Amino acid sequence: MENKDKNSRDQKLLAYLRGEMTEGEQQRLGEEVIKDEEYAQRLERLLLGEEQGTGSDPGKKAPAALTEEKQRAIIRRGKWRMRLSNSAFTMGLAFFAGVLLFVVNGWFGSLMHDDLFRVAKDMVNFTQPGVSVGSSGSEVGLFYGKIRMELRERVGSEDKNAGSFESTNFLWKTSAKPEWTNGIREQKLFFNYPITGQKLTQADSEHLRAPAWATMEKLPEGTVSQLAISFDHFLSYEEYYTLISRHASSNAYETVWFAVDSGQEQARIEADEGVRLLGAGDVWGFAERELNYGNAPIQVNGEGPRRAAAYLSEMKYLSEQERLTNEIGSSLVSRGKPQIADRYLYMQKNGVRIYGAVLTGPTKELLKLQQEKSITAAFLGKVDWWNWDRPAASGTYYSW
């Protein structure tokens, strides 16, 4: 029944267009078109030639029931409807594209954030003696992202602000740089690399140790200090603690960073014509408390193989992220790229061999290490008033 009515109405429209209607029929058709929106749209399409039915005699004039003005109004309304429809489609498409880009940006950002943060944290840990990463803030996406980390130095039992480290990414291109407090970082922690078969003379070793010991003797009892020491041979983790425990009890100091042999040090020394001191950007190592040991707790001083395994695991990860490691690490190493893959393969073959360390604690306790003959160099870092005994309560109040 419905199809029959539709065909009847279509026949009326075609009869109108062919001029076959009487004046009364044309009048009734005009009233139907005005009342029925769908019927009016059908007439619009026929008048615009968008549907078949306009192939009748083009010379015949359109009937008077729908005047030329009304026909033009119908056509204008059709055109505006098409424009609005196109605009709505365009706006809808733009909105959908915006939502899609937002989702993609956030999805890629979440994937990139973990790698960006982890690589940046590792590179600070491995190249900056005594410096670790603290709190951070981030907004990371595919098109643009930024991670800002606090840099800290441990002096005694307190972590002091040393600046910040910021990494930014645009698409897959990443750049990073440290921003030290007051714009500079005064380097005082250096290490003497032990070259096999080329031991320092007694006079040269004394020259690298005496200033630190002399200064520490003059400092008052109620101070804490940073101290970088170097050994004349390579040590395992257990051997290091056995050696240090001869002179200081375990609760009188904290080792905050180890300098390790990564296979690049001797080439660096040869390039510098025999200068054997390595500072931040040249030396390589790790802070043991910054490593990931999994869910199982680790002893305070012990389990050397497990610590070495955690360190090598992180080196392996960096070697797999070589592009990102090079981009982030270029601002932290002194010359060129970090050579992370070469360092990892070298340590995997030769083990994690320690030749230096950064310690902190009461100044007079650290001074006892001057009795250790295997120490070839000692450099005093930051000094602060006594903070070794932790207060029962403490806090920080910010003005913003």
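This is a short talk about one protein chain and how its parts fit together.

Hi everyone, thanks for coming. Before anything else, please keep in mind that what we have here is a predicted model. I'll begin with the whole chain and then move to a few places in it.

The chain has 400 residues, and 43% of them are buried. Along it you can find 11 helices and 11 strands. Its accessible surface comes to about 22,200 Å², and carbon and sulfur atoms make up 54% of that. Here is a number about folding back on itself: take the contacts with a separation of 6 or more, and 75% of them are between residues 24 or more positions apart.

Let's go to a sheet. Which strands form it, and in what order? There are 5 strands, running S9-S7-S10-S6-S11, and this is an open sheet with antiparallel pairing. Strand S9, residues 285-286, and strand S11, residues 375-385, stand at the edges. Each of those two has a single partner strand, so one side of each has no neighbour in the sheet.

Now find S7 in that order. S7 and S10 are antiparallel and pair over 6 bridges. Two places to look for on your screen: Trp257 stands opposite Val358 in S10, and Ala259 has Gly356 in S10 as its bridge partner. On the S9 side, 2 bridges join S7 to S9, again antiparallel. Ala259 turns up here too, with Gly285 as its bridge partner in S9. Is S7 mostly covered or mostly open? Mostly covered: 6 of its 7 residues are buried.

That brings me to the aromatic rings. The structure holds 15 aromatic pairs. One of them is Phe191 with Trp257, a tilted pair whose centres are 5.8 Å apart, with 45° between the planes. Phe191 is in strand S5, residues 191-192, while Trp257 is in S7, residues 254-260, so this pair ties together parts that are 66 residues apart in sequence. Both of these residues, Phe191 and Trp257, are buried.

Here is another pair, Tyr240 and Phe258. Why is it called edge-to-face? The ring centres are 5.1 Å apart and the planes meet at 85°, so the pair is edge-to-face; the cut-off for that name is an angle over 60 degrees. Tyr240 sits in helix H6, residues 237-244, and Phe258 in S7, so a helix and a strand 18 residues apart in sequence are tied together. Tyr240 has 0% relative accessibility and counts as buried. Phe258 is buried as well, with a relative accessible area of 1%.

Those two rings belong to a cluster linked by ring pairs: Phe126, Phe231, Tyr237, Tyr240, Tyr241, Phe258, Trp284, Phe286 and Tyr311.

Let's stay with H6 for a moment. Its buried residues include Tyr237, Tyr240, Tyr241, Leu243 and Ile244. They cover an arc of only 160° around the axis, which puts them on the same side of the helix. And what covers the buried residues of H6? The cover includes strand S6 (223-235), S7, helix H8 (304-320) and strand S10 (354-362).

Rings can also have a charged neighbour. Arg118 lies over the face of Tyr317, 3.6 Å from the ring centre. In a second case, the charged end of Arg185 sits over the ring of Trp180, 5.2 Å from its centre.

Next, some other strands. Strand S2, residues 145-155, and strand S3, residues 158-170, are antiparallel and pair over 11 bridges. One of the matches is Leu151 with Gly163 in S3. S2 and S3 form a hairpin with 2 residues between them, and Gly156 in the turn has a positive phi of about 70°. S3 is also joined to strand S4, residues 173-180, by 8 antiparallel bridges. There, Phe170 has Lys173 in S4 as its bridge partner.

My last stop is Ser132, which lies in strand S1, residues 131-139. Ser132 is buried, with a relative accessible area of 7%. Which residues does Ser132 touch, leaving out those up to four places away in sequence? They are Glu150, Leu151, Arg152, Arg289 and Glu290. Leu151 is the residue we just met opposite Gly163. Ser132 and Asn161 are 29 residues apart in sequence, and 9.9 Å apart in space from C-alpha to C-alpha.

That's my tour, and I'm happy to go back to any part of it.

Methods. Residues are numbered from 1 along each chain as its sequence is written. This is a predicted model: local features need pLDDT of at least 70, side-chain atom pairs count only at pLDDT 80 or more; totals for chains, interfaces and linings use all residues. Side-chain values use heavy atoms; hydrogens and water are left out. Helices (H or I, at least four residues) and strands (E, at least two) are DSSP runs, numbered from the N terminus. Buried means under 20% relative accessible area, exposed over 50%, partly exposed in between (1.4 Å probe, protein chains only). Contact means heavy atoms within 4.5 Å. Accessible areas come from the Shrake-Rupley method with a 1.4 Å probe; for residues, only the protein chains shown count as cover. Rings of Phe, Tyr and Trp (its six-membered ring) pair if their centres lie within 6.5 Å; planes under 30 degrees apart count as stacked, over 60 as edge-to-face and the rest as tilted. A charge sits over a ring if NZ of Lys or CZ of Arg is within 6 Å of the ring centre and within 35 degrees of the ring normal. The arc is that of the directions from the helix axis to the C-beta atoms. Two strands pair if DSSP finds at least two bridges between them.
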